[in-house]
Amino acid sequence: LGQRIKTLRKARKLTLIEVAKKTGIDQATLSRIENGVMIGTLNSHMKIAEALGLNLPDLYEDVLDKIGKAKDRIVRQKLETFSHSSGAVAELLTSNILQKKMMPVLLKLKPKGRTKVEEYAPGAERFVYVVKGSVAAVIGKDEKKLSPGESLYFNASQLHHFTNPSKSECSFLSVMAPAFV
């Protein structure tokens, strides 16, 4: 999808700065989406499609076909697992995410690893449940340490991220609602 967005943007002779102004999406975020570092949200995809003068299905043209034709299970697994250089791995726990109202993800953090800082649209909610190890949830200026079996439910429109303060890998379930904000 990122490559398609980049190709369409360049074909329309638009810069990242111009698309950022039209969409209200940070230029760095647009660059990450175009370079496949992140996938973005349904909301961001709708804004990008509008800025490029497309309907949302047209933005996904060819992308959905390529995913549908990928029969190799390993390829599908890679599309549903996202690794980050910060020691975080996110694995989607459902398929057809565009048809879902919530997004369940299993997050794994290497020792001293962390997720990127996130902030979603007003009304977004997040639930986390620690499966293994310990997790520090940093929400705004507050930090909450969670152990296995503990959970946290919070307003995901606040800046937040997760860290692993321990010397062993941790894993926790994260459920976002709505799925794309």
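This briefing describes the overall make-up of the chain, the buried side of helix α4, the contact of α2 with α3, and the surroundings of Arg 12. The structure is a predicted model. Its protein chain contains seven helices and nine strands. Of the 181 residues in the chain, 41% count as buried. Among contacts with a separation of 6 or more, 61% join residues 24 or more positions apart.

**Helix α4 and its surroundings**

- Helix α4 spans residues 42-51, and its buried residues are Ser 44, His 45, Ile 48, Ala 49 and Ala 51.
- These residues lie on the same side of α4, because they cover an arc of only 160° around the axis.
- An α-helix has 3.6 residues a turn, so residues three or four places apart point the same way.
- The cover over the buried residues of α4 includes helices α1 (2-11) and α2 (16-23), and also α3 (27-34) and α5 (56-59).
- Gly 53 follows α4 and has a positive phi, near 75°.

**The contact of α2 with α3**

- Helices α2 and α3, both of which help to cover the buried residues of α4, also meet one another: their axes come within 9 Å and cross at roughly 115°.
- Helix α2 is therefore roughly perpendicular to α3, since angles of 65 to 115 degrees are counted in that way.
- The crossing of these two helices, α2 and α3, is right-handed.
- On the α2 side, the contact is made by Leu 16, Ile 17, Val 19, Ala 20 and Thr 23.
- On the α3 side, the contributing residues are Gln 27, Leu 30, Ser 31 and Glu 34.
- By character, the residues of the contact of α2 with α3 comprise five nonpolar, three polar and one charged.

**Arg 12 and the segment after α4**

- Arg 12 is located in the loop between α1 and α2.
- Arg 12 has a relative accessibility of 35% and therefore counts as partly exposed, a class that lies between the limits of 20% for buried and 50% for exposed.
- Leaving aside residues up to four places away in sequence, Arg 12 touches Leu 52 and Leu 54.
- Gly 53, the residue with positive phi that follows α4, is 41 residues from Arg 12 in sequence.
- In space, Arg 12 and Gly 53 are 9.4 Å apart, C-alpha to C-alpha.

Methods: Residues numbered from 1 in each chain as written. Predicted model: local features only at pLDDT ≥ 70, side-chain atom pairs only at ≥ 80, totals over all residues. Heavy atoms only, no water. Buried < 20%, exposed > 50% of the residue type's maximum accessible area, 1.4 Å probe, protein only. Helix = DSSP H or I, 4+ residues; strand = E, 2+ residues; numbered from the N terminus. Arc of directions from axis to C-beta. Contact = heavy atoms within 4.5 Å. Axes fitted to C-alpha atoms, helices over the stretch in contact; angles between N-to-C directions. Parallel < 35°, antiparallel > 145°, perpendicular 65-115°, else oblique. Left-handed = near helix turned anticlockwise from the far one by under 90°. Nonpolar A, V, L, I, M, F, W, Y, C, P; charged D, E, K, R; others polar.
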